[in-house]
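User: Hi! Could you take a close look at one strand in the middle of things for me, and tell me what surrounds it?

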Amino acid sequence: MFMTCRAALHYPRLLTEQQQVVTMTATGASSELLPQYRLTDLDGAWSIVVGRKHLTLETTRYATWTSFRQRLEAALAAAGDITNTRVRECVGLRYINRIAHR
């Protein structure tokens, strides 16, 4: 499915995963496992994670906003080619500034 699209050129490895979703309400908690798919480049520096309600772009090699944005736009376009999604309910950006000790 996803591997036949243009994202397969940059993300040739496909892994299946499960996401645990926990819902808390006034009456208690419930959880469910949902399938998701991780497409990665060969060295694991870039990943696209696709689930029922999300598409995530992850990297350990962030360089510039321009290059990140290009990959994000390509991932969204590839997902749009397959799903014909017309509504995006939420778009978020999370940045973690990590300094590694040497």
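Here is the request in full, followed by one connected reply. Where does β3 sit in the order of the sheet, and how are its residues covered? Please also tell me which elements line the largest pocket.

Analyst: Happy to help! Please keep in mind that this is a predicted model.

Some context comes before the strand itself. The chain has 1 helix and 4 strands, and from the N terminus on these elements run β-β-β-β-α. Its C-alpha atoms fill a box of roughly 45 × 40 × 25 Å along the principal axes. Of the 102 residues of the chain, 23% count as buried. For contacts between residues at least 6 apart in sequence, 34% join residues at least 24 apart.

Now to the sheet. The 4 strands make an open sheet in the order β1-β2-β3-β4, with antiparallel pairing. Its edges are β1 (13-25) and β4 (55-59), each of which pairs on one side only. On average, and ignoring direction, neighbouring strands of this sheet are turned by 30° against each other. In the strand order, β3 stands between β2 and β4.

Let us take the β2 side of β3. Strand β2 (residues 28-40) and strand β3 (residues 46-51) run antiparallel and are joined by 5 bridges. Tyrosine 37 has valine 50 in β3 as its bridge partner. The two strands form a hairpin with 5 residues between them, and in that turn glycine 44 has a positive phi of about 75°.

Threonine 40, which lies in strand β2, is worth a stop here. Why does threonine 40 count as buried? Its relative accessible area is 5%, and residues count as buried under 20%, so threonine 40 is buried. Setting aside residues up to four places away in sequence, threonine 40 touches His10, Tyr11, Pro12, Arg13, Trp46 and Ser47.

On the other side, β3 and β4 run antiparallel and are also joined by 5 bridges. Here valine 49 has threonine 56 in β4 as its bridge partner. A hairpin through 3 residues joins β3 to β4.

As for cover, β3 is mostly covered, with 6 of its 6 residues buried. Trp46, Ile48 and Val50 point one way from the strand, while Ser47, Val49 and Gly51 point the other way, and all are buried.

The helix belongs in this picture too. In the model, two strands of the sheet, β3 and β4, are touched by helix α1 (residues 65-83), which packs on the sheet. The direction of α1 makes about 150° with that of β4.

That leaves the largest pocket, which holds about 1,800 Å³ of space. It is lined by 40 residues, and the closest to its centre are Leu55, Thr56, Leu57, Leu72 and Gly92. The elements giving two or more residues to this lining are β2, β3, β4 and α1, so β3 is among them by the lists of strands and helices used here. The helix α1 gives the most, with 8 residues. By class, the lining of the largest pocket has 22 nonpolar, 9 polar and 9 charged residues.

To put your strand together again: β3 is bridged to β2 and to β4, is touched by α1, and contributes to the lining of the largest pocket.

Note on methods
Residues are numbered from 1 along each chain as its sequence is written. This is a predicted model: local features need pLDDT of at least 70, side-chain atom pairs count only at pLDDT 80 or more; totals for chains, interfaces and linings use all residues. Side-chain values use heavy atoms; hydrogens and water are left out. Two strands pair if DSSP finds at least two bridges between them. Axes are lines fitted to C-alpha atoms, for helices over the stretch in contact, and angles run from 0 to 180 degrees between N-to-C directions. Contact means heavy atoms within 4.5 Å. On a 1 Å grid over the protein atoms alone, a cavity is a set of points where a 1.4 Å probe fits but cannot get out, and a pocket is an open set with protein on both sides within 12 Å along at least five of seven lines; lining residues have an atom within 4 Å of a point. Grid points are joined across faces, edges and corners, and a volume is the space filled by probe spheres set on the points. Ala, Val, Leu, Ile, Met, Phe, Trp, Tyr, Cys and Pro count as nonpolar, Asp, Glu, Lys and Arg as charged, and the others, Gly among them, as polar. Buried means under 20% relative accessible area, exposed over 50%, partly exposed in between (1.4 Å probe, protein chains only).
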